[in-house]
Amino acid sequence: MRRNTKTMYEWRKAYRDKEELMLERGFPEVSPHEFYRDLFPEGSLQSAEHDGKGNLIATQIRPSGKGRTKQWVVDDSLNMLDKVIGDEFGLIPPITFYGKTHTKQNAHELYAVAIDIDYVGKQQLKNLLKQFGNGVQLRPTYLVSSGKGVHAYYFLKEPVQLYHNLEDTLAELKEAFIRRLWNDTSSIRPDSPDITGIYQGFRCVGSQSKLGADFPVKAYKMSDNRYTLEDIKDSIPNCKVDLSVLTEKPKKEKSKLSLDEAKKLYPEWYQERVVEGRPKKKGTWVCNEALYEWWKNKIFTEVKVGGRYFSIMALCAYGLKCGISERRIRQDAYSFLEHLESLTDDEDNHFTREDVKDALKALKADNKLLSTMASREWIEKQTKVVIPPNKRNGRKQEQHLQLARGIRALKEQMGENVVGGGRPDKAKIVEEWRTAHPEGTPKDCIADTGISKNTVYKWWSVGEAL
């Protein structure tokens, strides 16, 4: 049976073997400056005269306690590349940015689709080269030896404007492409593909790989090919990603309604916000604490390498959703350290106290944003833990509502405070649905009841206060 791991000595030997193989096959190594000049042709980046074009952002990563992480602006001269060439851990995404930081808000244009394939030995590289040669896989413009793996760069014929409405489509296309290239012939760990977003930075050509200073990241030219996103999609069998959005610019915000129009269309909103002067409701719904405890159990039983960091972020999100104190979330997070570290199967990929500390930074960010962003789908994708959607256990919606009404009547008989009968019928339905689904979300309620989003959220938040 083929092993799915190698020792550091074996990986260093594989690095040399792969280097020799690329040169034997006639793929020349190019310098870092040649590689980035080819990726970003002269004139594509901002000149010294500040002509309004984008720049590269090169990031120097420093482990906690070993200096401050820095970001360098690289203009059309490429002079600042030397800040990360030869560095221990330097990252550059194939994207230009406005501003001085590598954020998706500052992202301007995408110049290449870069795919990271990890755990690539000599035999796996041979398989890839054969598939590139016979057309089974799309031949990249460059193949970069990153240490234990390779980065396949597909240069684009024309840079793609990174409008906000393209993010999901580009991420979906890239995920499909990763799953196409990262397989049981190209990696000794075919079941652990690293699904990275479109804004992902990659180790700078010329910087050090994980194998050490004597094993730099090297670029080899595979072809003069440049592609469109449609070419990439066509290379993926049965790919159903809809690229029509690429020809659409983001829609402008609709003009605001007049108060008279709003009064007619949204009478409840008009009554609350205009007549009664109530402020806009903020915050997120609070879930049952059982949801938080359920996720803690998932960390112990189902989280694996590749999802450890995000499992702690998810713990923060569930804690916020369930109204758990920040102090308790932190204590719980550190209690998982020993277990998560015990899962380590690669000496270069330990899970440390610093990883927990870094994941807990989510608590210092916008709490409302975190608890909203961390949807079931997002947590499932990032942690690789399967989270089935909320189901009705085979009951029809009307049966669920009958159950909820029965629970309501029982509460009234027991003298508990329940919502009065003066509110609209839809409010009662929302309340009854919540009673029958203590771990449900407004999104689930909308899907089950067919009540509008605005109405569900309105009465959901009212039920919170009772």
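Trainee: Where does L78 sit in this predicted model?
Mentor: Keep in mind that this is a predicted model. L78 has a phi near 65°, a positive value in a residue that isn't glycine. With 3% relative accessibility it counts as buried. As for its place, L78 belongs to the loop between β3 (70–74) and β4 (90–92).

Trainee: And Y119, is it buried or exposed?
Mentor: Y119 isn't a glycine either, yet its phi is positive, about 55°. You'll find Y119 in the loop between β6 (107–117) and α3 (122–134). The cut-off for buried is under 20% relative accessible area. Y119 comes out at 11%, so it's buried.

Trainee: Which residue lies over the face of Y119?
Mentor: For a charge to sit over a ring here, NZ of Lys or CZ of Arg has to be within 6 Å of the ring centre. The partner of Y119 lies 4.2 Å from the ring centre, and it's R189.

Trainee: How far is K6 from the ring centre of W11?
Mentor: This one is a lysine, K6, and it lies over the face of W11. The limit for such a pair is 6 Å from the ring centre. K6 makes it at 5.7 Å.

Trainee: Which residues are linked into a cluster by ring pairs?
Mentor: Rings pair if their centres lie within 6.5 Å. By that rule the count is 17 aromatic pairs. Ring pairs build a cluster from F35, Y36, Y142, Y153, F155 and F202.

Trainee: Back to β3: which residues is K70 in contact with, leaving aside neighbours within four places in sequence?
Mentor: K70 is in strand β3 and is partly exposed, with a relative accessible area of 34%. Its C-alpha is 8.3 Å from that of A58, 12 residues away in sequence. With those close neighbours set aside, the contacts of K70 are A58, T59 and Q60.

Trainee: How far apart are the C-alpha atoms of P159 and F40?
Mentor: P159 is in strand β8 (residues 150–161), and its 27% relative accessibility makes it partly exposed. Leaving aside neighbours within four places, P159 is in contact with E109, L110 and Y111. P159 and F40 are 119 residues apart along the chain, and their C-alpha atoms are separated by 9.6 Å.

Trainee: What arc do the buried residues of α14 fall within?
Mentor: Helix α14 covers residues 376–383, and its buried residues are W378, I379, Q382 and T383. Seen down the axis of α14, they line one face of the helix, because they fall within an arc of 105°.

Trainee: Why would residues three or four places apart point the same way?
Mentor: It's plain helix geometry. Residues three or four places apart point the same way because an α-helix has 3.6 residues a turn.

Trainee: Which residue just after α14 takes a positive phi?
Mentor: Helix α14 is the run of residues 376–383. Just after it, with a phi of about 65°, comes K384.

Trainee: On α17, which exposed residues sit on the face turned away from the buried side?
Mentor: The buried residues of α17 (residues 442–449) are P442, C445, D448 and T449. They cover an arc of only 125° around the axis, so they're on the same side of α17. The face turned away from that side carries the exposed residues K443 and A447.

Trainee: What phi does G450 take?
Mentor: G450 comes just after α17. Its phi is positive, at about 80°.

Trainee: How many disulfides does a search of the whole structure find?
Mentor: Take two cysteines: C204 is buried at 0% relative accessible area, and C239 is buried too, at 16%. A disulfide needs a pair of cysteine sulfur atoms within 2.5 Å. Searching the whole structure gives a count of zero.

Trainee: Zooming out, what percentage of contacts between residues at least 6 apart join residues at least 24 apart?
Mentor: The chain has 18 helices and 12 strands, and 44% of its 466 residues count as buried. About 25100 Å² is exposed, with carbon and sulfur atoms supplying 50% of that. Among contacts between residues at least 6 apart in sequence, the share joining residues at least 24 apart is 71%.

Terms used
Residues numbered from 1 in each chain as written. Predicted model: local features only at pLDDT ≥ 70, side-chain atom pairs only at ≥ 80, totals over all residues. Heavy atoms only, no water. Buried < 20%, exposed > 50% of the residue type's maximum accessible area, 1.4 Å probe, protein only. Helix = DSSP H or I, 4+ residues; strand = E, 2+ residues; numbered from the N terminus. Contact = heavy atoms within 4.5 Å. Areas by Shrake-Rupley, 256 points an atom, 1.4 Å probe, with all protein chains shown as cover. Arc of directions from axis to C-beta. Phe/Tyr/Trp six-rings, centres within 6.5 Å; stacked < 30°, edge-to-face > 60°. Lys NZ or Arg CZ within 6 Å of the ring centre and 35° of its normal.
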